[in-house]
Amino acid sequence: MHIGPLRWGSSEGVFLFRVPEEERILSSDVVMLLSSSLYAIQVFLEHGEIKINNEQLAIIRINFHPPFSEEIEEDTGQGFVIHSSLKDGICFQSLFVANEITPELSEFEKAFLDSVVNNLLETLAKEGRNVSDIPFLRDREVIEETESMLHEIDTKYKSLVASWSLAVNPDCEDSQFEFSNVLYNGKIRIEELFYDLGERAIETFDQLMLSKEEKIILYKIAKSLVSLSGLIYERQETNQQIKDKLKFYHSEILLESLVTKKKYRLDVRSYDIEGESYCDLTIMS
């Protein structure tokens, strides 16, 4: 059964609205928490506090995989894919059920969200408004028009994707989201991760030569993803279902360098070994 995407906007981390408004896929409180947490991750990247090969990065999409089942030890249930676009404090995000999104749809969704952000910034500039004014414009056209556009896009989504792909990227292939070259791999105890002691990571491979500060930021991002995975899945399950799951969460961010457009994958896995919780963090290209 087709579920369809959920999209929402925020201004400087303050949640604005969601489309559709009815609680579908995730509850409103989970969406609000996702909104602020993902905004914080993007601010790290926008400010250039972590770079790969001295290039600033932008998020293409984030994959949240479902927890492993204790019985069959493989993905059970539905995963989620989030796309995100941030510029000058305006952030728009979308969430899809994983089996409803493809690389082609992901490319279009990212470009679409970028255009929504740019359009809203242009509208604000014409009206002489600042980004910080947006939370107070709920009944003004600038917000209502954006909500209407998000509602309308799904009625012709597939035809728009097909037309856009032919014009922009006729050779769109799944391989653009495949990564095999490991640039960095580190392991840290979750206990230390949540106390911001990311510099204690056990590094097994480091081609990136990141500074200590940059590695701490990497693990702060990992900490956010671990927390968000738990937030998304535990809110949807009963206590018994949670007991039946291994304490294993797997998330990944697909990143793109702003200049060369090279893509990277930041992979985060948290798990328990003999009562001790660990987090593995890997960067691939």
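Helices (H or I, at least four residues) and strands (E, at least two) are DSSP runs, numbered from the N terminus. The expected span of a helix is 1.5 Å times one less than its number of residues. The model is predicted: local features need pLDDT of at least 70, side-chain atom pairs pLDDT 80 or more, while totals for chains, interfaces and linings use all residues. Residues count from 1 along each chain as its sequence is written, and side-chain values use heavy atoms, without hydrogens or water.

**Exercise 1. Compare the expected span of H6 with the distance between its end C-alpha atoms.**

Step 1. H6 has 23 residues; at 1.5 Å a residue, they should span 33 Å.
Step 2. The end C-alpha atoms of H6 are 33 Å apart, which agrees.
Step 3. Now check cover, where buried means under 20% relative accessible area, exposed over 50%, and partly exposed in between (1.4 Å probe, protein chains only). In H6, 17 of the 23 residues are buried, so the helix is mostly covered.

**Exercise 2. Repeat the span check for H1.**

Step 1. The 19 residues of H1 should span 27 Å at 1.5 Å a residue.
Step 2. Its end C-alpha atoms are 26 Å apart, which agrees.
Step 3. The buried residues of H1 include Val30, Leu34, Leu38 and Leu45.
Step 4. Just after H1, glycine 48 takes a positive phi of about 70°.

**Exercise 3. Classify the aromatic pair of phenylalanine 80 and tyrosine 233.**

Step 1. Rings of Phe, Tyr and Trp (its six-membered ring) pair if their centres lie within 6.5 Å; planes under 30 degrees apart are stacked, over 60 edge-to-face, the rest tilted.
Step 2. The whole structure holds 5 aromatic pairs.
Step 3. For phenylalanine 80 and tyrosine 233, the centres are 5.8 Å apart and the planes 35° apart: a tilted pair.
Step 4. Phenylalanine 80 lies in strand S4 (residues 80-87) and tyrosine 233 in helix H6, so the pair ties together parts 153 residues apart in sequence.
Step 5. Both residues, phenylalanine 80 and tyrosine 233, are buried.

**Exercise 4. Describe the surroundings of tyrosine 278.**

Step 1. Phe248, Tyr271 and Tyr278 form one aromatic cluster.
Step 2. A charge sits over a ring if NZ of Lys or CZ of Arg is within 6 Å of the ring centre and within 35 degrees of the ring normal.
Step 3. Lysine 187 lies over the face of tyrosine 278, at 5.9 Å from the ring centre.
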